[in-house]
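Here is a quick tour of one protein model, with a look at its charged pairs, its helix packing and a few backbone details. Have the viewer open and follow along.

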Amino acid sequence: MDKKNTSGSQGSNVGIGDFKTGNTQISSIGLGSCVAFILYDRKQKTGGLAHVMLPESNGRSERPAKFADTAVPHLIHEMEKSGSSRQNLSAYLVGGASMFQQFKGNLDIGKRNVIALKHCLDEHHIYLESEDIGGTSGRSVLFYPEDGGKICIRRADGKCYDL
């Protein structure tokens, strides 16, 4: 996967619990049970990515991108501050693997992250355009807002594909 965007400049990587917005390439590597929550504004060709680690903030307000229940409204707000209209936003989810097959139910953080993100997207009336979630393999994702919102995924097992 190329780490440059169409303008030839290097993009930025989003670490655990962090987020970025803009129109150049945004990546997040090493997604296991974490989920890359991506918003794309198809009219302005801008986007944002939050690397969500846990489903619930339980009232914590620091690092809003770390938790599904705070990442969704926070990233929407950041996109709106940059001129995006909510009606032009589409969401994508990548990650949410179950890294340890013995972890079921409440210990399956990946599944809980995905459920919480989908619930929040419904609450905020944001359309989920596509997803690549679950399984037992980690992923890395490259998002190119200025290139029509192209999303490239590389799985830990070596498979690469576009979402």
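Which residue forms a salt bridge with Asp-132, and how many Å apart are the closest N and O atoms? The partner is Arg-139, and the closest N and O atoms sit 2.8 Å apart. Keep in mind that this is a predicted model.

## A buried charged pair

Let's stay with that pair for a moment. Arg-139 has a relative accessible area of 3%, so it goes down as buried. Asp-132 is buried too, because its value of 14% falls under the 20% cut-off.

Arg-139 also turns up in the surroundings of Gly-30: leaving aside residues up to four places away in sequence, Gly-30 touches Arg-139 and Ser-140. Gly-30 itself is part of strand 3, residues 26–31. With 60% relative accessibility, Gly-30 counts as exposed, whereas Arg-139 is buried.

## The other salt bridges

The total for the model is seven salt bridges. One of them joins Glu-56 to Arg-112, with 3.5 Å between the closest N and O atoms. Glu-56 belongs to the loop between strand 5 (46–52) and helix 1, while Arg-112 is in helix 2, so this pair ties together parts that lie 56 residues apart in sequence. How accessible are the two ends? Glu-56 comes out as partly exposed at 39% relative accessibility, and Arg-112 is partly exposed as well, at 22%.

Another salt bridge links Lys-81 and Glu-78, where the closest N and O atoms are 3.3 Å apart. Here the partners are three residues apart in helix 1, so about one helical turn separates them. The two ends get opposite labels: Lys-81 is exposed at 56% relative accessibility, but Glu-78 is buried at 14%.

## How the two helices cross

Now for the packing of helix 1 (residues 68–81) against helix 2 (residues 109–123). Their axes come within 8 Å and cross at roughly 40 degrees. Because of that angle, helix 1 is oblique to helix 2. As for handedness, helix 1 passes helix 2 in a right-handed crossing.

Which residues meet there? On the helix 1 side they are Ala-68, Asp-69 and Val-72, and on the helix 2 side Asn-113, Ala-116, Leu-117, Cys-120 and Leu-121. Sorted by type, the residues of this contact are six nonpolar, one polar and one charged.

## Two positive phi values

Next, some backbone angles. Most residues other than glycine have a negative phi. Against that background, Lys-45 has a phi near 55 degrees, a positive value in a residue that isn't glycine. You'll find Lys-45 in the loop between strand 4 (35–41) and strand 5. Lys-45 is partly exposed, at 41% relative accessibility.

His-125 is another non-glycine residue with a positive phi, again near 55 degrees. The place to look for His-125 is the loop between helix 2 and strand 7 (127–133). At 69% relative accessibility, His-125 goes in the exposed class.

## Distances along and across the chain

A few C-alpha distances help relate sequence to space. Arg-154 sits in strand 9, residues 150–155, and is partly exposed with a relative accessible area of 33%. Its C-alpha atom is 5.2 Å from that of Ser-140, although the two residues are 14 apart along the chain. Ser-140 has come up before, as one of the residues that Gly-30 touches.

How many Å separate the C-alpha atoms of Gly-30 and Cys-160? The answer is 14 Å, for residues 130 apart along the chain. Then there is Glu-62, in the loop between strand 5 and helix 1. Glu-62 is partly exposed at 47% relative accessibility. From Glu-62 to Tyr-92 the distance is 24 Å, C-alpha to C-alpha, with their positions 30 residues apart in sequence.

Note on methods:
Residues numbered from 1 in each chain as written. Predicted model: local features only at pLDDT ≥ 70, side-chain atom pairs only at ≥ 80, totals over all residues. Heavy atoms only, no water. Axes fitted to C-alpha atoms, helices over the stretch in contact; angles between N-to-C directions. Helix = DSSP H or I, 4+ residues; strand = E, 2+ residues; numbered from the N terminus. Parallel < 35°, antiparallel > 145°, perpendicular 65-115°, else oblique. Left-handed = near helix turned anticlockwise from the far one by under 90°. Contact = heavy atoms within 4.5 Å. Nonpolar A, V, L, I, M, F, W, Y, C, P; charged D, E, K, R; others polar. Salt bridge = Lys/Arg side-chain N within 4 Å of Asp/Glu carboxyl O. Buried < 20%, exposed > 50% of the residue type's maximum accessible area, 1.4 Å probe, protein only.
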